[in-house]
Amino acid sequence: KTTSPLLGKPAGRMGKVRIHKSGKVTLKLGTVVFDVTEAADCNFLQQVVARQEDADDLYHLGDLSGRLMITPDLESLLRSVDT
């Protein structure tokens, strides 16, 4: 059985965003590293909402103005398998 690296983390914290000297941005979740890149724009409005867990209320947090693509860093994953 595989357990999530996010178990036991405080609410609201998923990982660490790292900005490298080269300008490359990565996200580290547990031991897995992800590349963060800009994604293609959408032709429609996207909004972020939050739902209160113990009620049927929705809260509008804002409109999205940009998109990011998060993909696993395959080189990092392969290196971790080799060790």
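**A salt bridge and its surroundings in the predicted model**

D35 and K24 are joined by a salt bridge, with their closest N and O atoms 3.4 Å apart. The two residues come from distant parts of the chain, since D35 belongs to strand 3 (residues 32-38) while K24 sits in the loop between strand 1 (16-19) and strand 2, 11 residues away. The partners differ in their exposure: D35 is buried, with a relative accessible area of 17%, whereas K24 is partly exposed, at 40% relative accessibility. The count of salt bridges comes to one. The structure described here is a predicted model.

The chain contains one helix and six strands. Read from the N terminus, the order of these elements is β-β-β-β-β-β-α. Of the 83 residues, 13% count as buried. About 7400 Å² of the chain is exposed, and carbon and sulfur atoms supply 55% of this area. Among contacts between residues at least 6 apart in sequence, 35% join residues at least 24 apart.

A second acidic residue, D73, was examined in relation to K24. D73 is located in the loop between strand 6 and helix 1 (74-82). Although D73 is buried, it has no salt bridge. The nearest side chain of opposite charge is that of K24, at 4.5 Å; because a salt bridge requires the nitrogen and the carboxyl oxygen to lie within 4 Å, the pair of D73 and K24 is not counted as one. Beyond its neighbours within four places in sequence, D73 is in contact with V33, F34 and D35.

V33, F34 and D35 also appear among the contacts of T26. T26 is part of strand 2 (residues 25-29) and counts as buried, with a relative accessibility of 3%. When neighbours within four places in sequence are set aside, the residues in contact with T26 are K16, V17, R18, H20, V33, F34, D35 and V36. With one of these, H20, the contact includes a polar one between the two side chains, at 2.9 Å.

At the surface, V48, Y59, L61 and L64 make a nonpolar patch of about 360 Å². One member of this patch, L64, is found in the loop between strand 5 (58-63) and strand 6 (68-72). L64 has a relative accessible area of 42% and is therefore classed as partly exposed.

Terms used. Residues are numbered from 1 along each chain as its sequence is written. This is a predicted model: local features need pLDDT of at least 70, side-chain atom pairs count only at pLDDT 80 or more; totals for chains, interfaces and linings use all residues. Side-chain values use heavy atoms; hydrogens and water are left out. Helices (H or I, at least four residues) and strands (E, at least two) are DSSP runs, numbered from the N terminus. Buried means under 20% relative accessible area, exposed over 50%, partly exposed in between (1.4 Å probe, protein chains only). Contact means heavy atoms within 4.5 Å. Accessible areas come from the Shrake-Rupley method with a 1.4 Å probe; for residues, only the protein chains shown count as cover. A polar contact is a pair of N or O atoms within 3.5 Å; within protein, one must be able to donate a hydrogen and the other to accept it, and residues adjacent in sequence count only if both atoms are side-chain atoms. Patches are made of residues with over 30% relative accessible area and no salt bridge: like charges are joined within 9 Å, nonpolar side chains (Val, Leu, Ile, Met, Phe, Trp, Tyr) within 5 Å. Lys and Arg count as positive and Asp and Glu as negative; His and the chain ends are not counted.
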